Amino acid sequence: MLRLRRCSLLVRFTGVSSTVLSKCRFYCRNVGNKLRICEVLASEEIGRNIKIQGWVRSVRSQKDVLFLHVNDGSSLQSLQVVASPSLDDRHLTYGSAVEISGNLIKSPHKKQSVELQADNIRVVGPCDPVVFPFKIKERHPVEYIRQFPHLRCRTNSFGSLLRIRSEATAAIQSFFKENGFVQIQTPVITSNDCEGAGELFQVEPATREKQQADEKSHFFSVPAFLTVSGQLHLEVMAGAFSNVYTFGPTFRAENSQSRRHLAEFYMVEAEISFTESLEDLMKVMENLFKTSTECVLAQCSEDIDLFHKYVSPGHKDRLNRMLQNEFKVISYTEAIDVLKQSSQTFNFKPEWGCDLQTEHEKYLVQHCGNIPLFVINYPYDLKPFYARDNEDGPQHTAAAVDLLVPGVGELCGGTLREERLHLLQSRLDRARMTDTYHWYLELRQFGSAPHGGFGMGFERYLQCILGVDNIKDVIPFPRFSHSCLL
């Protein structure tokens, strides 16, 4: 009825005849019987005439019957289609795109309750199974699949990953919405380096001729970069909203092809006003992790099980352990003492004042029973200019926290922000950055409130819940040094 009303409205307002409009099949075509595979598998309407569209996952032709398995990406499980051999087509092969209509019947097989008795099969897009890089009923290693970023979404494992990624995105958004956070779209192009590491991609028009690096030569009048974090922009918004967050792409120009690094990845970042406690930040981090993970487990159980069974056996128990226990807390100083007392030989010797390396992080988590671990109060000189000074001694620390998780290491990192103008001014003066961040100082002059925030790497989060070792296997199109396919 809604489609008919739309058509009649077009006739009324445009003067186009209904006959012409009826030919606009993209708009008025009757698709009332078209269902997604996941809807068909959950249906109990035996005898209903339906239509499905998808890709053939298997073909088996016998003398009296033709069997197909068709998947459209809506679920891990495919739908079995039973047809007369007369409907067979030489283009009906593994990987081909098809449109099938017929009647829903009860299936005699235990694995699914229904199947489709086809009365019409149309091959929409043929696929040569000889040339197609993925072979039927063959379990390809992830290293092989990674070579085909334009095709790997058609494999079971990567299809499951993408559904999980989609659900995890929705779960994180839902968590923040339900807890009163306002979403902020922070810019991708920025003039600041939030992390201070200098690993930035500079942005200039591709057609601009090379000129001297002075202010007049830049498109934005000043050097501009792809963002490494939305934190500073969130701090701006934290002057008007008590709870804000952003969820978007970030970029690091690290010349690395390791399992842990990407040049483009997604970050979840939050900022909380009117807080002077790291405990407040840790509470949000822990609740975000547990609530989002429980939602993903509930909504994508089949896809999660595929990973826990074939990609990372035994990880299901480790994940349940993370969810069932309260996260532990130790100070950076205590962490260094634990590492020094360890009998394990580290590639990087643990010393107070040095950053924790991945090997240190993983050991600390194991030492604490493979339960996620907060490490707090890092050396002041290790943290960026915005980290709040604890004004302690003799070991000078900042109010900073990292969340370490099994198998990954650091998942989240955050700090209380320095809200005291004279201390922030002094540190920026010492770093000769006062002119660059004069606007940041002004935030402290006009109604500033104590605040803090954190960031969580989305791909690392997926690695943590799935047990995937290589970060390149949890993002649709991985970007890293010397590789930018597609």
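**Exercise 1. Take Phe 346 and Tyr 363: are they buried or exposed, and what kind of pair do they form?**

Step 1. Start with the surroundings: Phe 346 is buried, and Tyr 363 is buried too. Keep in mind that you're looking at a predicted model.

Step 2. Now for the rings. A pair of aromatic rings is described by how far apart the centres are and by the angle of the planes. For Phe 346 and Tyr 363 the centres are 5.6 Å apart and the planes make an angle of 85°. Over 60 degrees counts as edge-to-face, so that's the label for this pair.

Step 3. Find both residues along the chain. Phe 346 sits in the loop between α11 (332-341) and α12 (358-367), while Tyr 363 is in helix α12. The pair therefore ties together parts that lie 17 residues apart in sequence.

**Exercise 2. How many aromatic pairs does the structure hold, and what is the geometry of Phe 219 and Phe 220?**

Step 1. The count is 21 aromatic pairs.

Step 2. Phe 219 and Phe 220 are one of them, with 4.9 Å centre to centre and 80° between the planes, which is edge-to-face again.

Step 3. Check the cover on Phe 220: its relative accessibility is 38%, so it counts as partly exposed.

Step 4. Aromatic residues can also gather in a group. Tyr 94, Phe 132, Phe 134, Tyr 144 and Phe 148 make up one aromatic cluster.

**Exercise 3. How many disulfides are there, and why is Cys 300 not bonded to Cys 295?**

Step 1. The structure has zero disulfides.

Step 2. Look at Cys 300. The closest cysteine sulfur belongs to Cys 295 and is 8.1 Å away, too far for a bond. The cut-off to hold that against is 2.5 Å.

Step 3. Try Cys 368, which is in no disulfide either: the nearest cysteine sulfur is that of Cys 464, 15 Å away.

Step 4. Add the accessibility. Cys 300 has 5% and counts as buried; Cys 368, with 11%, counts as buried as well.

**Exercise 4. Zoom out and describe the whole protein: what is it built from, and how many residues does it have?**

Step 1. Count the elements: 15 helices and 15 strands.

Step 2. There are 486 residues, and 48% of them count as buried.

Step 3. Picture the extent: the C-alpha atoms fill a box of roughly 85 × 65 × 45 Å along the principal axes.

Step 4. Turn to the outside. The accessible surface is about 25400 Å², and 51% of that belongs to carbon and sulfur atoms.

Step 5. Finish with the charges: 55 are positive and 57 negative, and their mean positions are 11 Å apart.

Definitions and conventions. Residues numbered from 1 in each chain as written. Predicted model: local features only at pLDDT ≥ 70, side-chain atom pairs only at ≥ 80, totals over all residues. Heavy atoms only, no water. Helix = DSSP H or I, 4+ residues; strand = E, 2+ residues; numbered from the N terminus. Buried < 20%, exposed > 50% of the residue type's maximum accessible area, 1.4 Å probe, protein only. Areas by Shrake-Rupley, 256 points an atom, 1.4 Å probe, with all protein chains shown as cover. Lys, Arg positive; Asp, Glu negative; His and termini not counted. Charge placed at Lys NZ, Arg CZ, Asp CG, Glu CD. Phe/Tyr/Trp six-rings, centres within 6.5 Å; stacked < 30°, edge-to-face > 60°.
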